[in-house]
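Please walk me through this structure, beginning with a single residue and its surroundings and then widening the view to the fold as a whole.

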Amino acid sequence: MKLKNVLIVVNDIERSKRFYHDLFGLDTVLDNDGNMILTEGLVLQERKYWEQFLGQQIVSKNNHCELYFEEPDVEAFVEKLERLYPETEFVNPLMTHSWGQCVVRFYDPDGNLIEVGSPFLNP
């Protein structure tokens with residue numbers, strides 16, 4: 001068995017598609033009207049469909065999980081994020097952990113938590 005996809009709930013699938021393409025270079029693999037698979041295995045599911053499936057409301061910014069991306073030049077990524085999406089809500093600003101990894105955490109437009117970090121360094 002292997003993990004194939006990770007699904008996140010979004011309010012506006014077209015807005016989210018642009019966001020993930022603009023910042024992470026993810027492209028559409030399959031578009032099934034309210035359920036979109038992007039490259040790297042990320043699935044966008046429109047909120048209204050997900051709430052119908054579950055029979056309950058979605059809690060935005062629940063901080064129960066995060067999408068993690070690695071980027072060698074995190075500083076340049078943060079500049080790009082601030083330029084393209086100035087309304088972004090940061091959880092923590094660009095910081096360097098004691099082990100040397102540079103990271104930033106923020107919410108996507110729908111309150112899904114994202115971390116972008118420099119690649120881990122092997123001692």
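Which residues does Thr-39 touch, not counting residues up to four places away in sequence? In this predicted model, Thr-39 touches Gly-25, Leu-26, Asp-27 and Val-29 once those sequence neighbours are set aside. Thr-39 itself is found in the loop between β3 and β4, the latter strand comprising residues 42–46, and with a relative accessibility of 27% it counts as partly exposed. Another pair of positions gives a sense of distance: Thr-39 and Arg-18 are 21 residues apart in sequence, and their C-alpha atoms are 13 Å apart in space.

The loop that holds Thr-39 is also where Glu-40 is found. Glu-40 counts as exposed, because its relative accessibility is 73%, and its backbone deserves a careful look, since Glu-40 has a positive phi of about 70° although it is not a glycine. Most residues other than glycine have a negative phi. A positive phi, of about 55°, also occurs at Lys-61, again a residue that is not a glycine. Lys-61 is found in the loop between α2 (47–54) and β5 (66–70), and it is partly exposed, with a relative accessible area of 37%. The side chain of Lys-61 is worth inspecting as well, for Lys-61 lies over the face of Tyr-107, at 5.3 Å from the ring centre.

On the strand side of Thr-39, the residue to consider is Ile-37, which lies in β3, a strand running over residues 35–38. Ile-37 counts as partly exposed, at 23% relative accessibility, a value that is not under the 20% required for a residue to be called buried. Leaving aside neighbours within four places in sequence, the contacts of Ile-37 are with Asn-5, Asp-27, Thr-28, Val-29, Leu-30, Leu-42 and Val-43. One of these partners, Asn-5, is 32 residues away from Ile-37 in sequence, yet the two C-alpha atoms are 8.3 Å apart in space. Asp-27 and Val-29 appear among the contacts of Ile-37 and also among the residues that Thr-39 touches.

Attention can now move to helix α3, which spans residues 74–84 and in which Val-74, Phe-77, Val-78 and Leu-81 are buried. These four residues lie on the same side of α3, because they cover an arc of only 100° around the axis. The face turned away from that buried side carries the exposed residues Glu-79 and Arg-83. What, then, covers the buried residues of α3? The cover includes helix α1 (13–24) together with the strands β6 (90–96), β7 (102–107) and β8 (113–117).

Aromatic residues offer a further route through the structure, in which a search of the whole model finds 8 aromatic pairs. One of them joins Phe-19 and Tyr-85 in an edge-to-face arrangement, with 4.9 Å from centre to centre and 70° between the planes. Phe-19 lies in helix α1 whereas Tyr-85 lies in the loop between α3 and β6, so the pair ties together parts that are 66 residues apart in sequence. Both partners are enclosed: Phe-19 counts as buried at 2% relative accessibility, and Tyr-85 counts as buried at 12%. The two also belong to one aromatic cluster, which is formed by Phe-19, Tyr-20, Phe-24, Phe-69, Phe-77, Tyr-85, Phe-90 and Phe-106. Phe-77, a member of this cluster, is one of the buried residues of α3 described above.

With these local pictures in place, the chain can be considered as a whole. The protein chain has 3 helices and 8 strands, and read along the sequence they follow the pattern β-α-β-β-β-α-β-α-β-β-β. Along its principal axes the C-alpha trace spans about 45 × 35 × 25 Å. The radius of gyration of the protein chain is 15 Å, which agrees with the value near 14 Å that a compact globule of 123 residues would have. Of the 123 residues, 37% count as buried, and the accessible surface comes to about 7800 Å², of which 52% belongs to carbon and sulfur atoms. Finally, among contacts between residues at least 6 apart in sequence, 52% join residues at least 24 apart, and the contact between Ile-37 and Asn-5, 32 residues apart in sequence, gives one example.

Note on methods. Residues are numbered from 1 along each chain as its sequence is written. This is a predicted model: local features need pLDDT of at least 70, side-chain atom pairs count only at pLDDT 80 or more; totals for chains, interfaces and linings use all residues. Side-chain values use heavy atoms; hydrogens and water are left out. Buried means under 20% relative accessible area, exposed over 50%, partly exposed in between (1.4 Å probe, protein chains only). Helices (H or I, at least four residues) and strands (E, at least two) are DSSP runs, numbered from the N terminus. The arc is that of the directions from the helix axis to the C-beta atoms. Contact means heavy atoms within 4.5 Å. Rings of Phe, Tyr and Trp (its six-membered ring) pair if their centres lie within 6.5 Å; planes under 30 degrees apart count as stacked, over 60 as edge-to-face and the rest as tilted. A charge sits over a ring if NZ of Lys or CZ of Arg is within 6 Å of the ring centre and within 35 degrees of the ring normal. The radius of gyration is taken over C-alpha atoms; the globule rule is 2.2 Å times the number of residues to the power 0.38. Accessible areas come from the Shrake-Rupley method with a 1.4 Å probe; for residues, only the protein chains shown count as cover.
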